[in-house]
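Biologist: Could you walk me through this one? I'd like to go from the contact between the chains down to single residues.

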Amino acid sequence: MFKKDISPGAKSKVKSSAQRAIRSKVIEQYPKLEPYIDDILPKKEQLDLVKLPDRVSLYTLGATPLFFQHMDDPLLPHLTLVHKYPDSFQLLRIDRGAIRFVLSGATLMVPGLTSAGGRLPDDDADEEGRYGDEDLEAGEVVVVEAEGKDHACMVGVLKVGTKEMREKKKGIACEAGHYLGDGLWGLG
Amino acid sequence: MAEASSSSEFPKKVIYCGVCSLPPEYCEFGGTVKKCEEWLEQHHPDMHAKLYSQEAIEQNMSSLSLEAQKRAEKDAQKKAAKAASAEAKAQEQRATSKILIKRIERNKRKYVTAVQGLEAFGLDIKKVAKDFGKKFATGSSVTKVPGGGEEITVQGDLSDDIFDFLLDNYKDVPEDNVELIEDKKKKAAG
Ligand SMILES: [Zn+2]
């Protein structure tokens, strides 16, 4: 989605009514962010909207990017926000071999998640239950961690459900993501 | 899981690499590993010791097949070369780019001052235009230039003042790269 460098477009203030709507949308989409919502989106501070290419809107607080959105699709968190609140998102994990592909902007493929180093929900190797125990449907927003790394490297929307991934073990897992080092990262 | 969200734990403080901007554990995938490592050693020695220990490197390698290791190595070399050439290019661009401050005669004794070429020095043109407006208490606007890029037009003859202001306030602008020129209206015969 942001493979090229981005030159941000016009920046405008978000009206307080719209700001409230975004706040409740964030809570609705990411209920586990609710305890921190006043830190993330302080009620009294001005939220800005920055227009990005291809009909993407980026919401920022001062110089801090928070969420971005393609048209009316779900709000996706900027990776710097993910790094601050990693446990508040639905997580998956790719194996080490897939990292360099993801960081070069390639589409995330299923084998990167289903191999020994990868993690899906309800994974036997996931003893702490970090990746949840319920399967995810296509269209859900996921944060992708990486084997051997502490910080997530990608945010994206699932192309197929995790149950199907486990059965087929191939194909596209996640498209149009935001990854470490991409154009959107460069704005952070 | 439930009590994991005690309020003092978040937001997590994250260290980002001063060279490539990623979390340092991801520096190995970029083209600037050498520089990244030096930076980390200087700024966060404890983290450096952990990430760049022999043990860590071996562990990273062992989780990849031999073939994948070779590919990764080749990939890393390519990336390094790319990063190096991009940097050289940016440097060259900086060295050869010029900011033009043009005095333009609009009417007799009425002038505007146009400033071009700021973008090559990583300046935010809109912001600079605002700064000009504030500093000189005058109209300052951004317009597109036919050949691509944007210029700032300031009301009044402010060439010298803008020259000084640029050099004093924007540290990335070297004096040699700023040029003052005059754009005279064609003189009416006689
Ligand atoms: Zn680095």
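**Chains, domains and backbone**

Modeller: Sure. Chain A and chain B bury about 2200 Å² between them, with carbon and sulfur atoms giving 59% of that area. Keep in mind that this is a predicted model.

Biologist: Which three residues of chain A supply more of the area buried against chain B than any other three?

Modeller: On chain A, 25 residues take part in the contact, and chain B brings 20 residues. Within the area that chain A buries, 31% comes from one trio, more than any other three residues supply. Those are A:Tyr36, A:Arg96 and A:Arg100.

Biologist: Now inside chain A: which residues of domain 1 lose the most area to domain 2?

Modeller: Chain A splits into domain 1 (11–84) and domain 2 (90–179), and their C-alpha centres are 24 Å apart. Nine residues of domain 1 of chain A touch ten residues of domain 2 of chain A, and the two domains bury about 780 Å², 81% of it on carbon and sulfur atoms. On the domain 1 side, three residues together account for 54% of what is buried there: A:Leu76, A:Leu79 and A:His83.

Biologist: And in chain B, what distance lies between the domain centres?

Modeller: Here the division is into domain 1 (24–92) and domain 2 (97–183). Taken over C-alpha atoms, the centres of these two domains of chain B lie apart by 41 Å.

Biologist: How are H5(B) and H6(B) oriented to each other: oblique or roughly parallel?

Modeller: In chain B, helix H5 (residues 125–136) packs on helix H6 (residues 159–169) with the axes 12 Å apart and an angle of about 120°. Angles of 65 to 115 degrees would count as roughly perpendicular and those over 145 as roughly antiparallel. The crossing is right-handed. H5(B) and H6(B) are therefore oblique.

Biologist: What does that contact have by class: how many nonpolar, polar and charged residues?

Modeller: H5(B) brings B:Asp131, B:Phe132, B:Lys135 and B:Phe136, which meet B:Asp161, B:Ile162, B:Phe165 and B:Leu166 of H6(B). By class, the contact of H5(B) with H6(B) comes to five nonpolar, no polar and three charged residues.

Biologist: Where in chain B does a cis peptide bond turn up?

Modeller: Most peptide bonds are trans. Look in the segment before helix H1 (33–43) of chain B, where B:Pro11 sits. With omega about -5°, the cis bond joins B:Phe10 and B:Pro11.

Biologist: One last backbone check: what is phi of A:Asp122?

Modeller: Most residues other than glycine have a negative phi. A:Asp122 lies in the chain A loop between helix H5 (111–114) and strand E8 (141–146). This residue is not glycine, yet its phi is positive, near 55°.

Note on methods: Residues numbered from 1 in each chain as written. Chains lettered and ligands numbered in written order. Predicted model: local features only at pLDDT ≥ 70, side-chain atom pairs only at ≥ 80, totals over all residues. Heavy atoms only, no water. Axes fitted to C-alpha atoms, helices over the stretch in contact; angles between N-to-C directions. Helix = DSSP H or I, 4+ residues; strand = E, 2+ residues; numbered from the N terminus. Parallel < 35°, antiparallel > 145°, perpendicular 65-115°, else oblique. Left-handed = near helix turned anticlockwise from the far one by under 90°. Contact = heavy atoms within 4.5 Å. Nonpolar A, V, L, I, M, F, W, Y, C, P; charged D, E, K, R; others polar. Domains from an automatic or database assignment. Buried area = accessible area lost by both parts, 1.4 Å probe.
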